Amino acid sequence: MKKMLRVVSVLGTPYTIFEGTTIDFPDLSDCDGYCDTTIKNIVVSDMSEAEGRPGAKADLNHYKRKVIRHELIHAILFESGLSNNSWAENEELVDWIAIQFPKLEALFQQAGCNELLKEGA
């Protein structure tokens, strides 16, 4: 069943995140998610078709969040004007950023470099 999850601002551009099945979004037939920059949509499988399938991830909610991060990275690269560069379309690089982002965020928080520097600090 097609479901709108939320609207997010990707570098100032609204993108709508949807989840559903291959019936709702036929392009999911060969992937678990995709980013359509022409209509500013991110689509992710609701993972119902993966449940119980041999080789399926044990924690499908965790995997779905990773897929959303991956597609958001595609949107960020597009909205920043970098999508015309071959490296910006490289699935391995986009996946690396999506997988490592939570670790990078935790590291930056630990180092205290996410906060704005106070004047004179």
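Q: Two strands pair if DSSP finds at least two bridges between them; in which sense do β1 and β2 pair, and over how many bridges?
A: This is a predicted model, where local features need pLDDT of at least 70, side-chain atom pairs count only at pLDDT 80 or more, and totals for chains, interfaces and linings use all residues. Residues are numbered from 1 along each chain as its sequence is written, and side-chain values use heavy atoms, leaving out hydrogens and water. Strands (E, at least two residues) and helices (H or I, at least four) are DSSP runs, numbered from the N terminus. With β1 at residues 3-10 and β2 at 13-20, the pairing is antiparallel, over seven bridges.

Q: Which residue takes a positive phi in the hairpin of β1 and β2?
A: Across the pair, Val8 faces Tyr15 in β2. Two residues sit between the strands, and the one with phi near 50 degrees is Leu11.

Q: At which residue does α2 bend?
A: Helix α2 covers residues 91-111 and reaches 29 Å from first to last C-alpha, close to the 30 Å expected (1.5 Å times one less than its number of residues). The bend, an angle between axes fitted to the seven residues ending at a position and the seven starting there, comes to about 45 degrees. Pro102 follows within four residues, and the bend itself is at Phe101.

Q: What caps the N-terminal end of α2?
A: Go to the backbone nitrogen of Glu92: a side-chain oxygen lies 2.8 Å away. At the other side, just after α2, Gly112 has a positive phi of about 75 degrees. The N-terminal cap is Asn90.

Q: Which helix do the buried residues of α2 pack against?
A: Buried means under 20% relative accessible area, exposed over 50%, partly exposed in between (1.4 Å probe, protein chains only). In α2 the buried ones are Val94, Ala98 and Gln100. Their packing partner, at residues 60-79, is α1.

Q: Which residue forms a salt bridge with Lys66?
A: A salt bridge takes a side-chain nitrogen of Lys or Arg within 4 Å of a carboxyl oxygen of Asp or Glu, and the count here is four. Lys66 in α1 is buried at 15% relative accessibility. Its closest N and O atoms to the partner are 2.5 Å apart, and the partner, 29 residues away in α2, is Asp95.

Q: Is Glu19, which forms a salt bridge with Lys3, buried or exposed?
A: Glu19 and Lys3 have their closest N and O atoms 3.7 Å apart, linking β2 to β1. Together with Lys64 they make up a salt-bridge network. Lys3 is partly exposed at 45%, whereas Glu19, with a relative accessible area of 9%, is buried.

Conventions
Pairing = 2+ DSSP bridges. Contact = heavy atoms within 4.5 Å. Polar contact = N/O pair within 3.5 Å; in protein donor to acceptor, adjacent residues only side chain to side chain.
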